[in-house]
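Here is my note on the model you sent over. Keep the structure open while you read, and check each point by eye.

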Amino acid sequence: MTFAELQVMFDVGCRPCEPGQHLVLDVAPAPAHNGSWWCASCPPGTYILDSNDPQRDCMPCPAGGTCVGGAFTPSDDASTWEVDAGAGIHRLVACPAGSMLVNSHDGTA
């Protein structure tokens, strides 16, 4: 019986997560834990501002928007949203003419 030598070459490197994904730390128990990160897609109905910030997780889609593929889109183009980078969320700051900004937690204006 003879054995042939097989040489396999491939590139190893790092790549950023795609939009709509978030970083997840490999938390396998020791000794399998290797401290590696991998990218996971945000679940339906959630979004993420910075796919490559390990401190960020997918956030629930706010009322007044739709979230598909981890991206947020306002439901009304006339509304004004701002990014609150510190909190990692989109925040509604103004409504179109004829509408009123309402606190979604308690219904107050």
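1. How many residues lie between strand 5 and strand 6 in their hairpin, and which residue in the turn has a positive phi? There are 2 residues between the two strands. Gly 69 is the one to look at, with a phi of about 65°. Bear in mind throughout that this is a predicted model.

2. Stay with this hairpin. Strand 5 covers residues 65-68, and strand 6 covers residues 71-74. The two strands run antiparallel and are joined by 4 bridges. One bridge partner to find is Pro 74 in strand 6, which pairs with Gly 65.

3. Now look at the two faces of strand 5. In a regular strand the side chains alternate between the two faces of the sheet. Strand 5 shows such alternation. Gly 65 and Cys 67 point to one face and are buried. Thr 66 and Val 68 point to the other face and are not buried.

4. Next, the aromatic rings. The count comes to 2 aromatic pairs. One of them is Tyr 47 with Phe 72, at 5.7 Å centre to centre. Their planes are 45° apart, and the pair is tilted. Tyr 47 belongs to strand 3 (residues 46-47) and Phe 72 to strand 6, so the pair ties together parts that are 25 residues apart in sequence. Both residues are buried. Ring pairs also bring in Trp 81, giving a cluster of Tyr 47, Phe 72 and Trp 81.

5. Thr 46 deserves a look too. This residue lies in strand 3. Is Thr 46 buried or exposed? Its relative accessible area is 13%, which is under the 20% cut-off, so Thr 46 counts as buried. Its side chain reaches the backbone oxygen of Pro 43 at 2.6 Å. Leaving aside residues up to four places away in sequence, Thr 46 touches several others, including Cys 58, Cys 61, Cys 67 and Ala 71.

6. On to the cysteines. A disulfide is a covalent bond between the sulfur atoms of two cysteines. The structure holds 3 disulfides. Number the bonded cysteines in sequence order and the pairing reads 1-2, 3-4, 5-6.

7. Cys 17 is joined to Cys 39, with the sulfurs 2.1 Å apart. The torsion about this S-S bond is about -90°, so the disulfide is left-handed. Cys 17 sits in the segment before strand 1, while Cys 39 is in strand 2, and the two are 22 residues apart. Cys 17 is buried, at 7% relative accessible area.

8. A second disulfide runs from Cys 42 to Cys 58, at 2.0 Å from S to S. Its torsion is about -80°, so this bond is left-handed. Cys 42 lies in the loop between strand 2 and strand 3, and Cys 58 in the loop between strand 3 and strand 4, so the pair ties together parts that are 16 residues apart in sequence. Cys 42 is buried at 9% relative accessibility, and Cys 58 is buried at 13%.

9. The disulfide between Cys 61 and Cys 67 has an S to S distance of 2.3 Å. What is the handedness of the disulfide between Cys 61 and Cys 67? The torsion is about 80°, so the bond is right-handed. Cys 61 is partly exposed at 23% relative accessibility, whereas Cys 67 is buried at 11%.

10. Finally, find Cys 95. This cysteine is partly exposed, with a relative accessible area of 26%.

Note on methods
Residues are numbered from 1 along each chain as its sequence is written. This is a predicted model: local features need pLDDT of at least 70, side-chain atom pairs count only at pLDDT 80 or more; totals for chains, interfaces and linings use all residues. Side-chain values use heavy atoms; hydrogens and water are left out. Buried means under 20% relative accessible area, exposed over 50%, partly exposed in between (1.4 Å probe, protein chains only). Two strands pair if DSSP finds at least two bridges between them. Rings of Phe, Tyr and Trp (its six-membered ring) pair if their centres lie within 6.5 Å; planes under 30 degrees apart count as stacked, over 60 as edge-to-face and the rest as tilted. A polar contact is a pair of N or O atoms within 3.5 Å; within protein, one must be able to donate a hydrogen and the other to accept it, and residues adjacent in sequence count only if both atoms are side-chain atoms. Contact means heavy atoms within 4.5 Å. A disulfide is a pair of cysteine sulfur atoms within 2.5 Å.
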